[in-house]
Amino acid sequence: MAQKPKVVVTRKLPDPVETRMCELFDTQLNLSDRPMTPDELVEALATAEVLVPTVTDRIDSRILSRAGPNLRLIANFGAGVDNIDVATANARGITVTNTPGVLTEDTADMTMALILAAARRLVEGANVVQSGGFSGWSPTWMLGRRIAGKRLGIVGMGRIGQAVARRAKSFGLSIHYHNRKPVSPRIAEDLEATYWESLDQMLARMDIISVNCPHTPATYHLLSGRRLKLLQPHAILVNTARGEIIDESALAEGLAKGEIGGAGLDVFEFEPAINPKLLKLPNAVLLPHLGSATVEGRIDMGEKVIINIKTWMDGHRPPDRVLTAML
Ligand code: 8YV
């Protein structure tokens, strides 16, 4: 490609990433970081050859149908692509890429942080101290639950699920998982992981559940109201994947009624809106989608985006292509 491609970036990215993009491409940045409205997106797509969206942009069939003829690549800044109608994009000859791998460890760390925070009442305790309410130690006050020796059920045993399993194993948890198919015998042996073909049966027997699968039509409300009722009353549910995988309203109700022990949530069904019932619950630890929020992670994600665009620009297949068949 002789000329630099016109690249539209929808949000403010880390400085080194923006600098490199401006060197390599004809890049339109969003320095204000204000999310673009659908109309602004359509306007940007009238001339863009490459779009770099994030989780906060909905690139649906309506937007894609109004894109200009030049749009050839959507290089998502993020691993999850549920914000993009990949089937429509592919049908229109637009390549879609994502940034897998580079946020695995950070997201797994955050999953462990939420498991510990929910089980050991970290946020409740910190709030007591911060509000000046700590009047001294007591043998029976603020007791949480030990995690060592408990059963962790991982829903979705891909890269992130396995990284969670590695960490959890060293915390003394036994590893159980539900996945479309079992992991290789070598990985299963390393993690001493037990495969549950039936999600229902696994849910009913775990002390802690961690959601680590992508959000696709098949996983929407995978943890439905019916399935949440299978959880043991002391069980803790952690989600660092996507809010849509859990029926958030049923979860809030289960937590409020004491049918579910606790929750650690980094993602929400109607993000950034959060079910108001959840906000009032002491047994729910809520974070603002921080799973991949490290300086290193966000720079690595940007580098992946750049490699995908550069490879495409040089006439090769970008390394992180997302195909409908993969979803
Ligand atoms: C990202 C994420 O920050 O990559 C993902 O799928 O959920 C996040 O950690 C976000 O997607 C950026 O677009």
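Visitor: At what angle do H5 and helix H7 pack, and how far apart are their axes?
Guide: Two packed helices are described by the angle between their axes and the distance between the axes. In this predicted model, whose residues are numbered from 1 along each chain as its sequence is written, local features need pLDDT of at least 70, side-chain atom pairs count only at pLDDT 80 or more, and totals for chains, interfaces and linings use all residues. Side-chain values use heavy atoms and leave out hydrogens and water. Here H5 and H7 (residues 159-170) pack at about 50°, with axes 8 Å apart. Helices (H or I, at least four residues) and strands (E, at least two) are DSSP runs numbered from the N terminus. Axes are lines fitted to C-alpha atoms, for helices over the stretch in contact, with angles from 0 to 180 degrees between N-to-C directions.

Visitor: Is H5 oblique or parallel to H7?
Guide: Their angle makes H5 oblique to H7; under 35 degrees counts as roughly parallel, over 145 as roughly antiparallel, 65 to 115 as roughly perpendicular and the rest as oblique.

Visitor: Which residues meet between H5 and H7?
Guide: On the H5 side they are Thr-104, Glu-105, Thr-107, Ala-108, Asp-109, Thr-111 and Met-112, and in H7 they are Arg-159, Ile-160, Ala-163, Val-164, Arg-166, Arg-167 and Ala-168. Contact means heavy atoms within 4.5 Å. This contact divides into six nonpolar, three polar and five charged residues. Ala, Val, Leu, Ile, Met, Phe, Trp, Tyr, Cys and Pro count as nonpolar, Asp, Glu, Lys and Arg as charged, and the others, Gly among them, as polar.

Visitor: How do the axes of H1 and H13 cross?
Guide: The axes of H1 (residues 15-24) and H13 (residues 295-313) cross at roughly 15° and come within 9 Å. That angle makes H1 roughly parallel to H13. From H1 come Pro-16, Val-17, Arg-20, Met-21 and Leu-24, while H13 brings Arg-298, Ile-299, Gly-302, Val-305, Ile-306, Ile-309, Lys-310 and Met-313. Nine nonpolar, one polar and three charged residues make up the contact of H1 with H13.

Visitor: What phi does Arg-121 have, and where does Arg-121 lie?
Guide: Most residues other than glycine have a negative phi, and most peptide bonds are trans. Arg-121 has a positive phi, near 55°, and lies in the loop between H5 and H6. The peptide bond from Glu-271 to Pro-272 is cis, with omega near 5°. Look for Pro-272 in the loop between strand E11 (262-265) and helix H12 (276-279).

Visitor: How much space lies in the second largest pocket?
Guide: About 360 Å³. On a 1 Å grid over the protein atoms alone, a pocket is an open set of points with protein on both sides within 12 Å along at least five of seven lines, a cavity is a set where a 1.4 Å probe fits but cannot get out, and lining residues have an atom within 4 Å of a point. Points are joined across faces, edges and corners, and a volume is the space filled by probe spheres set on them. Of the 21 residues lining this pocket, Ala-118, Arg-121, Glu-124, Pro-282 and Asn-283 are closest to its centre. Two or more lining residues come from each of H5 (104-120), H6 (122-130) and strand E12 (284-286), and H6 gives the largest share, four residues. The lining has 12 nonpolar, six polar and three charged residues.

Visitor: How many cavities of 30 Å³ or more does the structure hold?
Guide: Two. The largest cavity has a volume of about 70 Å³, and its lining includes Ala-119, Arg-145, Asp-207 and His-234. Four nonpolar, one polar and four charged residues form that lining. The second largest cavity holds about 40 Å³, with Asn-239, Leu-251 and Phe-268 among its lining residues.
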